[in-house]
Amino acid sequence: MDQPGLVVTGASGRMGQTLIRLAQASDKLRLVACVERSGHPWIGRDVGEAMGGAPIGVTVTDDALEAFSRAQAVVDFTAPAATVEFAALAAQARAVHVIGTTGLEAQHLTKIEAAARHATIIRAGNMSLGVNLLVRLTQKVAAALDADWDIEIVEAHHRMKVDAPSGTALMLGAAAAEGRGISLDDARVSGRDGITGARQKGSIGFSAIRGGDIVGEHDVIFATEGERIVLRHLATDRAIFARGALKAAVWGQGKKPGQYDMMDVLGI
């Protein structure tokens, strides 16, 4: 079978460039186009040269639909508004859409769900194998412990990250809530400041740290009188997320329209 053609959106970003490098080295995908926003200085340039290397024969474009029409998969780590537009265009092109974008809100998710009626969408707040195992472990531990055990999720990322809590932290919170049989919306407490009063029993707390070049660190803390359980994942190289996304792009080929996640891709 021919290698599926791949489009990388947000080509100039850190994840975009990582995806491009890994796609170039892959024997399971072939990079056919790179997309950037209109007016970006990379538009019309060979992406290899734009990244400071040798030309690779792939030109950066701002015509997403034309690019998607030449591909079987789109990998997208951009921003919520852009991702919603890309979801509609990928559905129109019948390309698998792998979404790693975080900060998506209810109105974005509704539009992505509509696109998934016509296309295969794989969306996850984190694409790494280790994090998805952590999510499953969090669900199981939360199910085993009662509300006398407080749950806190602490995450740390680089100074340039624009959303908080991280998509991964929210995945972990949702898993903890599912394990407890409750709604995360009802239990969530994000950050604390001032005279907050005692912690509400059964709540799930979130704290976000931003600084330097931290790739991603997540702790799920279960604490009760006299003891604590801490589940931790440390990412030291953002390539783990890119590798997971490319794996998802290959896995999605031939799948029926609908929304999938990394648990589906990894079979866990």
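Contact means heavy atoms within 4.5 Å. The exercises below concern a predicted model.

**Exercise 1. Helix 5 and its surroundings**

Determine which residues of helix 5 are buried, how they are arranged around the axis, and what covers them.

*Solution.*
Step 1. Helix 5 spans residues 106-115, and its buried residues are H108, I112 and A115.
Step 2. These residues cover an arc of only 55° around the axis, and therefore lie on the same side of helix 5.
Step 3. The face turned away from that buried side carries the exposed residues A106, T110 and E113.
Step 4. The cover over the buried residues includes helix 4 (80-93), strand 5, strand 6 and strand 12 (258-260).

**Exercise 2. The setting of S128**

Locate S128, decide whether S128 is buried or exposed, and identify its contacts.

*Solution.*
Step 1. S128 lies in the loop that runs between strand 6 (120-123) and helix 6 (129-144).
Step 2. The relative accessibility of S128 is 3%; because buried means under 20%, S128 counts as buried.
Step 3. The side chain of S128 reaches the backbone nitrogen of V131 at 3.0 Å.
Step 4. When neighbours within four places in sequence are left aside, the contacts of S128 are H233, I240 and F241.

**Exercise 3. The nonpolar cores**

Establish which residues of the largest nonpolar core touch the most other members, and which elements supply the core.

*Solution.*
Step 1. In soluble globular proteins, nonpolar side chains tend to be buried together.
Step 2. The largest nonpolar core has 35 residues, of which L6, L19, V75 and V98 touch the most other members.
Step 3. Elements that each supply at least two residues of this core include strand 1 (5-9), helix 1 (14-25), strand 2 (30-35), strand 4 (73-76) and helix 9 (239-251).
Step 4. Helix 9 gives the largest share of this core, six residues.
Step 5. Apart from neighbours within four places in sequence, L19 is in contact with V8, V75, F77, A242, A245 and L246.
Step 6. A second, separate core of 23 residues includes L134, W149, L184 and L231.

**Exercise 4. The largest pocket**

State the volume of the largest pocket, then describe its lining.

*Solution.*
Step 1. The volume of the largest pocket is about 1,100 Å³.
Step 2. The lining comprises 43 residues, and the closest to the centre of the pocket are M15, F77, T78, A79 and T101.
Step 3. Two or more lining residues come from each of helix 1, helix 4, helix 7 (167-180) and strand 10 (216-224).
Step 4. Helix 4 provides the largest share of the lining, five residues.

Note on methods:
Residues are numbered from 1 along each chain as its sequence is written. This is a predicted model: local features need pLDDT of at least 70, side-chain atom pairs count only at pLDDT 80 or more; totals for chains, interfaces and linings use all residues. Side-chain values use heavy atoms; hydrogens and water are left out. Helices (H or I, at least four residues) and strands (E, at least two) are DSSP runs, numbered from the N terminus. Buried means under 20% relative accessible area, exposed over 50%, partly exposed in between (1.4 Å probe, protein chains only). A polar contact is a pair of N or O atoms within 3.5 Å; within protein, one must be able to donate a hydrogen and the other to accept it, and residues adjacent in sequence count only if both atoms are side-chain atoms. A nonpolar core is a set of buried Ala, Val, Leu, Ile, Met, Phe, Trp, Tyr and Cys residues joined through side-chain atoms within 4.5 Å. The arc is that of the directions from the helix axis to the C-beta atoms. On a 1 Å grid over the protein atoms alone, a cavity is a set of points where a 1.4 Å probe fits but cannot get out, and a pocket is an open set with protein on both sides within 12 Å along at least five of seven lines; lining residues have an atom within 4 Å of a point. Grid points are joined across faces, edges and corners, and a volume is the space filled by probe spheres set on the points.
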